[in-house]
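Trainee: I should like to take a close look at a single part of a model, namely the place where its ligand sits. Please explain it step by step.

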Amino acid sequence: MSERLQADWLSRTDSGALYGEPGLELLKVQTRLCRAVIAVQGAQLLEFQAQGREPLLWLSPRAQFREGKPVRGGIPLCMPWFGVNRRDPAKPKHGLVRNAPWQLSGARALPDGEVELVFTYDHAGNVLFSTPFFCEVTMALGRGLRLQLALQNRGAERTEFSWAWHTYFPVEELCKVEVRGLEGCEYLDNTRDLQRFTQEGALTFSGEVDRIYEQAPERQQILTRAPIEARSENCHSVICWNPGAEMAETLEDVGEHYREYVCVEHGNAFSHSWQLEPGAMARASLHLQR
Ligand SMILES: O=P(O)(O)OC[C@H]1O[C@@H](O)[C@H](O)[C@@H](O)[C@@H]1O
């Protein structure tokens, strides 16, 4: 049973009701412009579909919905470190906010038919990441999807934060997908000890791809049957990932489904990580649309 919140376009449900796997609290958005499902844990969009268009996000048919565990698909937010923690590789990959309990702190309808949700997460500082920080994600859902991030260092020391919106996009034929908008960019190849290369032409996927593009431009297109446009502000890193057949076998929530998605992730990692002074706040945004 889903419980209606104050707005008639927003209801509370859970992963048992929607995906047959109890474990996580979910929010459902249904408006005349779109439908979306969001996990409160991690403030993670799991599904988004604009009226009359194809779904924008891929959610693994093998996704697991457990408290404190990452959900495979949608848009997890990786933070306060992206990928392997460089100071302590034993720490969990991609930081802690994707597995953390967030708060829904606002929900309102905008004049043009879009709706806006605001989620916050307040990190007190712990053994995983000692600096306290505050994070706010605003989602505007309409014919497209707009995400805004505000991150504030609430500690007493200058601290490095690296992060990305780790978006999973659905594709029909992995071997025919092209990502445009990265031509000529330098990237670090995570399948080759982070060696540096230059992207020649559009990015295609034959085998494992795991690349961190630096100084990425603001726009990319993911060419599938219904092309996807990504436009970002203040996201200087774009990370492209698909595990390929062999690595996918080792991921129990992916397996043979690796052919169904590509990740094109937007954020600031490696040389573009944010260095925030005590009290400083940084912002970024991402706009996605079919
Ligand atoms: O399985 P996870 O922790 O969600 O990470 C998935 C992938 O995320 C990508 O962003 C990384 O570049 C890859 O190296 C990583 O394998």
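Mentor: Let us begin with a convention: Ala, Val, Leu, Ile, Met, Phe, Trp, Tyr, Cys and Pro count as nonpolar, Asp, Glu, Lys and Arg as charged, and the others, Gly among them, as polar. Please keep in mind throughout that this is a predicted model.

The ligand is surrounded by R72, F82, K93, H94, R98, H166, N190, D210, I239, W241 and E265. Sorted by the convention, this shell comprises five charged residues, three polar ones and three nonpolar ones. As for the site itself, the space that the ligand takes is the largest pocket.

Several side chains of the shell can now be considered one by one. In E265, a polar side-chain atom lies 2.7 Å from an oxygen atom of the ligand. The side chain of H94 has an N or O atom 3.0 Å from a ligand oxygen. For K93, the corresponding distance between a side-chain N or O atom and an oxygen of the ligand is 3.4 Å. The enclosure can also be expressed as an area: the ligand taken alone exposes 400 Å², and the protein buries 87% of this.

A further point concerns the cysteines of the structure. How many disulfides does the structure hold? The number is zero. A disulfide is a covalent bond between the sulfur atoms of two cysteines, and the cut-off applied here is a pair of cysteine sulfur atoms within 2.5 Å. The closest cysteine sulfur to that of C135 belongs to C78 and is 12 Å away, so the two are too far apart for a bond. C135 counts as buried, because its relative accessibility is 0%. C235 is likewise in no disulfide, and the nearest cysteine sulfur, again that of C78, is 13 Å away. With a relative accessible area of 4%, C235 is buried.

Methods:
Residues numbered from 1 in each chain as written. Predicted model: local features only at pLDDT ≥ 70, side-chain atom pairs only at ≥ 80, totals over all residues. Heavy atoms only, no water. Near = heavy atom within 4 Å. Polar contact = N/O pair within 3.5 Å; in protein donor to acceptor, adjacent residues only side chain to side chain. Areas by Shrake-Rupley, 256 points an atom, 1.4 Å probe, with all protein chains shown as cover. 1 Å grid on protein atoms, 1.4 Å probe; cavity = no way out; pocket = protein on both sides within 12 Å on 5 of 7 lines; lining within 4 Å. Sits in = over half its atoms within 2 Å of the grid points. Buried < 20%, exposed > 50% of the residue type's maximum accessible area, 1.4 Å probe, protein only.
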